Amino acid sequence: MPNSVLKGRSTRKTHTHTHDYYNRLSGHEGKTSSLFLLSLCYLPRSILPSPFHFHSLFSLIPPPLSLPLSLSLSPQFSRSPVSVNFIEVDNREMKEMNPWHTPVTIIITVIGVMAIVALVTVAVLQNRPLPQKYKYGIVMDAGSSHTALYIYEWPAEKDNNTGRVEQTHLCKVKGPGISSYASAPVKAGESLRLCMEEAKQWVPGKRHHQTPLYLGATAGMRLLNMANSSASDKVFQAVEGALQKFPFSYQGAKIISGQDEGAFGWITVNYLDERLKQGLETRGALDLGGASTQISFVSDNYDGSESPSNSVTFRLYGNDYNLYTHSFLCYGKDQSLRMMQAHQSQAGPATVLDPCFHPGYTATKNYSVLYDSPCVSDRKPKDAPDTFTHIGIGDFLQCQAAVKSVFNFTSCKYSRCSFNGVLQPLLQGPYGAFSAYYFVMNFLNLTDTSVPLEDVKEKLKRYCATNWDQIMQQHPEVKLKYLAEYCFSGTYILTLLTEGYNFTSESYSDIKFIKKIKGSDAGWTLGYMLNLTNMIPAEAPDTPLLPHPGYVSVVSVIAVLLFILFIVSLRPLWPRCSKQPQIV
Ligand SMILES: Nc1ncnc2c1ncn2[C@@H]1O[C@H](COP(=O)(O)OP(=O)(O)OP(=O)(O)O)[C@@H](O)[C@H]1O
């Protein structure tokens, strides 16, 4: 039988009764109740009770309402005194007309809704960000001037080494660098204790045993090893003994080569910038320490064939790099000052007039201290007195000339050289200059490299000419040793960059003086740890098609669409409400 026919018949009948019923209600007590019942027609039929249940519904109406209703019904519909079975449509016909009411349909709908809810819930829960757990690594930078302890952390669940490693803590060891303890090696180990205790607090106890601990010694220990290898060994023994007492996974203490120091500094800078991961043009690294300085960059003019000792190759995140790097031992800020002063005092005078120190600066210094370094020891004047008077005259141009004396520009057997006969390819790309480059230029307020180089020199000239008393008055908070040397240090930095590395007035603006990148210090330590823990994959890791929130959204939208599709597919079973109110 066609549906329309069924519908027509049914509507008429129900309408009659509804109308009747409505009239009775409106004529009597229950306007509110009648409106409620009429509105049921517009609800999905599956949630409405069957005709039989309507009977029960009426039975729920309180007596003042239900009594007149039951009284008005003809006896044939009354099956009990309280029952109001006034609907004439028999159940069988009703079901044929509106199979939506069948228990199967209701069950399917409920199961469908539950399945969708379950699917979305599982997708959301399965992919929700878990409470973050971290892994840790500790690197000690045993530099010539001091030792620093760095703690790094990265998300523990990123097992394919794609998690970002960040510096969480820096502890500066009190006292000088470990190479200064050559005559009392045990003290070198003791000096590290406080920072190691701090590390125990920073790394959660559960992670102590899995946390690798490395100590890398740089130019100070290179020089000590050159001058006195057994003293250097004793310092390392003392340091190892001290570090092994702590609960971390000790991975050894060693001198890292100048080449490694340069290369790992370059990795740190480019890793933190995310240039490696994204395969972007890399940034060169300029590192100025106390005893050595490093320059590292990638140049199209350098393939490693000329002077292979300056070449380091990497494959990182699927890209090949041929890095040019060179470390100049003795060209750190402290050792270059020694070299310059050795040049000024070759004849062993009792007074040294120094253009790189402020006018009014006077100090008594010891010749044996000045020459106590392999960088200058062979130049010690024979008949010099024990001490000399160091007097500042604050002349930038003379200072520049004196600084230049530490570089040798005479011979170069390569296509081009920086200084001391060392190959240097054409400069290329942006550069990050850190460590003492930053400390000094930041103090001098000269970190803005968009300022023309000539103006920078002019400012420095005025600074150097300032009286020492005035300088001390202006900066009472700054360590006197640093304060006395900023004129020299600034002049040395500009001379090294322009005369040594051949930065021009134009390319000088490619340099950025940096201390930290995204919260982590620029320096070799992070690159060193990334390398030793294999944290940078050679190949680019497979990335998921969608990030987590995108994935959850897509699954949810598909689930909802499927549900709607499911409901639409049941269209033939949909109930049809006439425009007139009806009660089924
Ligand atoms: N605030 C500052 N102002 C001026 N100079 C500073 C400041 N802090 C540190 N220095 C100096 O900067 C130089 C570089 O320091 P850094 O700690 O990078 O070198 P290092 O690791 O000791 O040396 P190297 O790498 O050559 O072994 C050192 O001579 C140090 O004394």
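## Three-stranded sheet

Strand 11 and strand 12 (residues 387-392) pair in the antiparallel sense, over five bridges. Strands here are DSSP runs of E with at least two residues, and helices are runs of H or I with at least four, both numbered from the N terminus. Pairing requires at least two DSSP bridges between two strands. Within strand 12, Phe-388 stands opposite Lys-365.

The sheet is open and has three strands in the order 10-12-11, with mixed pairing. Strand 10 (351-354) and strand 11 (362-366) are the edges; each has a single partner strand, so one side of each lacks a neighbour in the sheet. From one strand to the next, the twist averages 30°. Axes for such angles are lines fitted to C-alpha atoms, for helices over the stretch in contact, and angles run from 0 to 180 degrees between N-to-C directions.

## Model and conventions

This is a predicted model: local features need pLDDT of at least 70, side-chain atom pairs count only at pLDDT 80 or more, and totals for chains, interfaces and linings use all residues. Residues are numbered from 1 along each chain as its sequence is written, and side-chain values use heavy atoms, with hydrogens and water left out.

## Five-stranded sheet

A second open sheet has five strands in the order 3-2-1-4-5, again with mixed pairing. Strand 3 (166-172) and strand 5 (249-255) stand at its edges. Each has a single partner strand, so one side of each is left without a neighbour in the sheet. Neighbouring strands are turned by 15° against each other on average, direction ignored.

Strand 2 (residues 147-155) and strand 3 run antiparallel, joined by six bridges. Glu-153 stands opposite Glu-166 in strand 3.

## Ligand shell

The ligand has 20 residues around it. A residue qualifies as near if one of its heavy atoms lies within 4 Å. Ser-144, Ser-145, Thr-218, Asp-334 and Tyr-486 come nearest. By class, the shell has seven nonpolar, ten polar and three charged residues. Nonpolar means Ala, Val, Leu, Ile, Met, Phe, Trp, Tyr, Cys and Pro; charged means Asp, Glu, Lys and Arg; the others, Gly among them, are polar.

Helix 9 (219-227), helix 12 (333-344), helix 15 (436-443) and helix 18 (480-500) each supply at least two shell residues. Domain 2 (134-280 + 518-532) and domain 3 (333-513) each give at least three. Domain bounds come from an automatic or database assignment.

## Ligand contacts

A polar side-chain atom of Thr-218 lies 2.7 Å from a ligand oxygen atom. A backbone N or O atom of Ala-219 is 3.4 Å from an oxygen atom of the ligand. For Tyr-486, a side-chain N or O atom sits 2.6 Å from a ligand nitrogen. The protein covers 88% of the 630 Å² of accessible area that the ligand has on its own. Areas use the Shrake-Rupley method with a 1.4 Å probe.

How values were computed
A polar contact is a pair of N or O atoms within 3.5 Å; within protein, one must be able to donate a hydrogen and the other to accept it, and residues adjacent in sequence count only if both atoms are side-chain atoms.
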